[in-house]
Amino acid sequence: MNAGLILGEVLVMFSMQELTPLFSVTKLVNAAYYQLGPDFQWPGERHDFWEVVYVDRGEAVITAEEEEYTLKAWEMVFHCPNEWHNLRAAEGKTAGVVVIAFVCDSPSMEAFRRRIIALGPQERQCLTTIVREAERAYVYFENRAPHVKLVRRDDAPLGAEQVIRANLEQLFIYACRESAAVRAEAPRMNSNALNHHAEMVERTKSFLYAHIHEKITLARVAAEISVSPSHLKRVFREQTGQSVIAYLTDLRVRRAKQMICDHQYNFSQIAEAVGFDSVYYFSARFKKYTGMTPTDYARSVRR
């Protein structure tokens with residue numbers, strides 16, 4: 001398509017390029033983070049929309065129709081519409097997983113049918129944005145893995161749905177471009193260096209998970225895994241798109257949400273269990289990350 005602009009007596013022509021989307025996500029069914037315990041059981045399900053499962057930490061055992069396989073940290077699997085599927089933590093372990101279910105009728109989605117993809121920092125940042133935005137935009141009901149019922153909050157951030165959609169579509173474009181965690185434009189590292197960095201980040205996450213109730217600093221974590229704080233800071237951000245402390249706060253807030261849903265603890269007990277110095281600081285951080293006070297969140301999950 002062409003358009004013209006007359007400058008004086010000269011007709012200047014412009015060429016307009018169609019912005020044709022490769023992916024078009026039209027509906028969101030679920031976008032949530034879950035901690036799967038070693039005793040988690042689920043009978044599985046089949047539905048007429050797409051679903052992705054991403055393992056943030058630990059390992060998850062995925063069943064798709066008759067096939068069973070292990071999904072490791074930073075790997076994501078696609079379940080196509082009407083495919084029976086199930087998941088659980090690997091035997092004797094726990095796993096942190098992101099589950100996103102959505103409607104997308106774009107033919108390009110067929111490239112992901114029964115496909116496992118290792119995600120790099122950009123893809124992982126898209127997932128983080130999706131989950132955070134969904135937590136601010138929706139009240140979660142029946143929030144037990146893998147089920148959730150989303151109800152839009154009256155005070156949802158402006159354009160939240162578009163942010164979620166844009167990041168989902170961007171995630172899929174990145175996934176099409178890359179089948180490994182190393183970005184094409186990044187300096188290439190040998191396999192030993194890549195494995196070392198991946199192990200460093202996984203050990204960091206495991207340490208944070210195990211010591212979530214304690215006072216944790218970057219220096220303490222670095223000393224625990226025998227690297228310098230500056231090196232850990234750089235590698236962790238490259239691999240996850242987050243700082244160590246931001247990841248820890250995310251982890252603490254997610255654990256607090258689970259404890260609130262259990263209805264067995266008061267807020268002072270929860271604050272202590274997830275490593276906040278006081279219930280007041282816990283309440284402030286919880287509201288900053290979720291858009292709700294702990295009291296409001298507790299009320300929402302009782303409805």
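**Figure 1. Helix 2 has the span expected from its number of residues.** In this predicted model, helix 2 contains 18 residues, which at 1.5 Å a residue should span 26 Å. The C-alpha atoms at its two ends are 26 Å apart, in agreement with that value. Helix 2 covers residues 160–177. Its buried residues include Ile164, Leu168, Leu171, Phe172 and Ala175. Ala160, Asn167, Glu169 and Tyr174 of helix 2 are buried as well. In an α-helix there are 3.6 residues a turn, so residues three or four places apart point the same way.

**Figure 2. Five strands form an open sheet with antiparallel pairing.** The strand order is 3-9-4-7-10. Strand 3 (25–36) and strand 10 (116–118) are the edge strands, each pairing on one side only. On average, and with direction ignored, neighbouring strands of the sheet are turned by 20° against each other. Helix 2 packs on this sheet and touches strand 3, strand 7 (75–79), strand 9 and strand 10. The direction of helix 2 makes about 80° with that of strand 3.

**Figure 3. Strand 4 and strand 9 pair in the antiparallel sense.** Strand 4 consists of residues 50–58 and strand 9 of residues 95–104. The two strands are joined over 8 bridges. Tryptophan 50 stands opposite phenylalanine 102, a residue of strand 9. Phe102 also belongs to a cluster linked by ring pairs, together with Phe23, Phe78, Phe112 and Phe172.

**Figure 4. Tryptophan 74 and asparagine 82 have positive phi angles.** Tryptophan 74 is not a glycine, yet its phi is about 75°. This residue is found in the loop between strand 6 (67–71) and strand 7. Its relative accessibility is 9%, so tryptophan 74 counts as buried. The charged end of arginine 124 sits over the ring of tryptophan 74, at 5.1 Å from the ring centre. Asparagine 82, also not a glycine, has a phi of about 70°. It lies in the loop between strand 7 and strand 8 (85–89). With 45% relative accessibility, asparagine 82 counts as partly exposed.

**Figure 5. Phenylalanine 236 and tyrosine 247 form an edge-to-face pair.** A search of the whole structure finds 11 aromatic pairs. In the pair shown here, the ring centres are 5.7 Å apart and the planes stand at 75°, so the arrangement is edge-to-face. Phenylalanine 236 belongs to helix 5 (residues 229–240) and tyrosine 247 to helix 6 (residues 244–262), so the pair ties together parts that are 11 residues apart in sequence. Phenylalanine 236 is buried, at 0% relative accessibility. Tyrosine 247 is buried too, with a relative accessible area of 3%.

**Figure 6. Phenylalanine 276 and phenylalanine 282 form a tilted aromatic pair.** The distance is 5.6 Å centre to centre, and the angle between the planes is 50°. Phenylalanine 276 has a relative accessible area of 8% and is buried. Phenylalanine 282 is also buried, at 1%.

**Figure 7. Arginine 254 lies over the face of tyrosine 33.** The distance from arginine 254 to the ring centre of tyrosine 33 is 3.6 Å.

Key:
Residues numbered from 1 in each chain as written. Predicted model: local features only at pLDDT ≥ 70, side-chain atom pairs only at ≥ 80, totals over all residues. Heavy atoms only, no water. Pairing = 2+ DSSP bridges. Helix = DSSP H or I, 4+ residues; strand = E, 2+ residues; numbered from the N terminus. Axes fitted to C-alpha atoms, helices over the stretch in contact; angles between N-to-C directions. Contact = heavy atoms within 4.5 Å. Expected span 1.5 Å × (residues − 1). Buried < 20%, exposed > 50% of the residue type's maximum accessible area, 1.4 Å probe, protein only. Phe/Tyr/Trp six-rings, centres within 6.5 Å; stacked < 30°, edge-to-face > 60°. Lys NZ or Arg CZ within 6 Å of the ring centre and 35° of its normal.
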